[in-house]
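Here are some comments for a colleague at the bench, set out as numbered points. They take up a sheet and then a pocket.

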Amino acid sequence: MDNNRRLLILYGSQTGCAQEVAERIWRESKWLHYSGPVIAIDDYPIDKLIFEKKIIFVCSTTGQGDQPDNMKTTWKFLLRKNLPYTSLTNVEFAVLGLGDSSYVKFNYVAKKLYRRLIQLGGKPLCEIGLADDQHDIGAFAVIDPWIDNLWNILIEKHPLTNGLTPIDRNSLPPPKWNVHTLSSNISIHTSDKLPNNDLLKPNSTIVTCLSNTRTTTENHFQDVRLLKFEYSENSINYSPGDVLMVRPVNSETSVNNFFQLLNDNKDMKLNPTTVLNVTQCSNDMPIPYNLCKPFTLYQCAKYYWDLNIIPNRYIFQLLSYFTDNELEKEKLKEFTTPEGQDELYSYCNRPRRTILEVLADFPHATAKVSLEYLFEIFSPIRPRAFSIASAPSVHINEIHLLVAVVTYKTKLLAKRTGLCSTWLASLNIGDKIPVWIQKGTFQFPYSQSCNAIMIGPGTGVAPFRSFVYEAVAKKCGNAKTLHLYFGGRNRLGDFHCVNDWEKLVADEKLSLYTAFSRDQNHKIYVQHILEQNEEELLKLLSTKECYVFVAGNAKDMPTAVKNVFINILTKNKHLNTIDMMESKGFYQTETWS
């Protein structure tokens with residue numbers, strides 16, 4: 001292989017998103033005749049890094065500015081102070097970060113990696129890309145133009161030689177893998193699950209559903225569940241603040257809709273029992289563990305592909321290559337242009353149109369998609385993280401989750417539903433699911449001298465149920481040191497875990513402050529209760545060790561709460577600023593959109 005046409009693509013990915021983007025960059029690199037592996041950062045031999053010429057890094061940020069698990073080893077190595085500052089003199093690099101600006105340390109890992117690579121002598125090919133999940137059209141508002149710019153820079157800096165010419169970027173990029181159907185005499189039960197590498201992860205196990213209880217009243221607008229699971233003794237370990245990772249499966253309705261769409265594809269003649277075999281096109285793109293053995297199309301649709309995902313711009317680009325209808329081709333191509341992004345947002349992101357609904361809207365393209373490219377158009381189901389609501393010292397061999405079932409209306413006729421929350425809500429007692437533990441955002445203190453102010457409206461209260469119970473069990477907390485601010489709509493409608501809180505308050509183990517926005521003529525939220533308790537908060541903040549934890553929806557609440565604390569701290573100059581509290585871990589947030 002011509003070393004000038006080698007491009008190493010490394011990803012640090014916690015849930016799979018950064019890996020998907022890295023794999024897309026690998027596919028598109030073929031347009032410029034590049035070769036080279038796309039692998040997790042820690043799977044690459046770090047001592048070989050200095051011999052590379054061009055490296056693309058794609059990495060996410062987790063928790064409070066933490067690096068993904070599959071880049072931790074390399075991260076520690078790169079931060080070693082004894083590394084020569086000429087280590088990467090011969091390396092050109094680019095960094096694309098995937099983050100969420102509702103967190104304080106937005107894209108912290110990508111920013112730090114970019115700076116460190118420069119310190120070690122690396123030469124940036126382009127500006128760092130900082131993708132943001134909070135953008136109207138999601139992270140791809142940055143990802144798409146960043147990748148386009150990367151190719152333009154590479155073709156300018158490293159023009160093709162030896163008679164090679166760029167492959168037309170308007171042509172179909174090569175597929176990741178070869179996919180073939182096998183003879184029908186191979187028998188695989190459609191009820192069989194795919195091989196699952198989730199149970200190969202550290203701190204993973206199978207849990208059994210003990211109970212699935214609705215914590216909101218039947219007439220409340222939202223269905224919230226307290227799910228309790230049992231695990232075998234010593235099979236996993238967790239602490240308050242950790243999260244439970246769960247990978248859902250598709251509903252039978254979605255799977256049936258998928259096969260209904262395939263009925264129009266006369267070229268492939270696929271059905272649920274069709275047996276597929278995936279093989280490598282290139283050693284640079286390995287086959288995932290789940291697909292390493294033959295499987296049925298039903299298994300793939302049920303357990304591997306996310307049929308509920310909102311497609312990004314790249315999917316419309318792929319579909320444009322397949323359609324033989326001029327009107328479809330024109331519309332699909334329009335969605336891929338910079339000028340068409342507002343229209344794409346209105347069509348796809350704003351109404352939360354799913355991949356199956358998009359395929360139904362473009363029947364000519366759907367009817368022509370080849371088998372290999374189904375694995376490009378559909379993304380793997382990503383795991384979801386849920387704050388653990390139980391305490392290991394109190395709820396022995398149990399893990400509890402507090403889950404809001406996501407369902408809402410848009411301009412589309414069918415209501416929108418969350419894949420994972422709907423699946424969890426459907427679990428019956430005795431059902432078994434694979435799970436694993438990961439470190440979460442919160443780092444809770446355990447000391448009799450610490451004060452903890454916890455703000456957790458709605459299901460944001462889940463990690464505080466874990467912490468409060470654990471702190472009380474360890475005799476590190478009581479009503480003087482543990483202060484919980486809870487918010488909901490109605491005391492009788494959505495006061496989650498009310499019996500737990502009232503018992504803790506009665507036992508003088510917790511101080512509880514509540515805000516129920518619809519129980520009076522004017523709306524009251526947690527920030528208003530905080531303002532009313534300014535004097536008490538000032539006393540707590542004036543102590544040597546006072547921690548503030550905020551958990552809940554990222555929309556308005558975290559900013560409103562933060563402004564209350566900024567106001568208190570600003571009026572009392574002897575106290576730390578909010579920025580100082582955040583940098584020292586005394587003000588921590590865990591939010592979601």
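1. In what order do the 6 strands of the open sheet run, and is their pairing parallel or antiparallel? In this predicted model, the order is β13-β10-β17-β8-β9-β14, and the strands pair in the antiparallel sense.

2. The edges of this sheet are held by β13 (residues 384-387) and β14 (residues 398-404), and each of these two strands has a single partner, so one side of each is left without a neighbour in the sheet. From one strand to the next, the twist averages 40°.

3. One pairing within the sheet can be followed at the level of residues: β10, which covers residues 243-246, and β17, which covers residues 432-438, are joined over 4 bridges in the antiparallel sense. In this pairing, L244 stands opposite I437 of β17.

4. Turning to the pockets, the second largest of them holds about 310 Å³ of space. Its lining is made up of 15 residues, of which D148, R169, N170, Q317 and T336 are the closest to the centre of the pocket.

5. Which elements give two or more residues to the lining of the second largest pocket? They are α1, spanning residues 17-29, and α7, spanning residues 313-322, and α7 gives the most, with 4 residues.

6. When the lining of the second largest pocket is sorted by class, 7 of its residues are charged, 5 are polar and 3 are nonpolar, which is a point to keep beside the list of residues closest to the centre, D148, R169, N170, Q317 and T336.

Terms used. Residues numbered from 1 in each chain as written. Predicted model: local features only at pLDDT ≥ 70, side-chain atom pairs only at ≥ 80, totals over all residues. Heavy atoms only, no water. 1 Å grid on protein atoms, 1.4 Å probe; cavity = no way out; pocket = protein on both sides within 12 Å on 5 of 7 lines; lining within 4 Å. Points joined across faces, edges and corners; volume = space filled by probe spheres on them. Nonpolar A, V, L, I, M, F, W, Y, C, P; charged D, E, K, R; others polar. Pairing = 2+ DSSP bridges. Axes fitted to C-alpha atoms, helices over the stretch in contact; angles between N-to-C directions.
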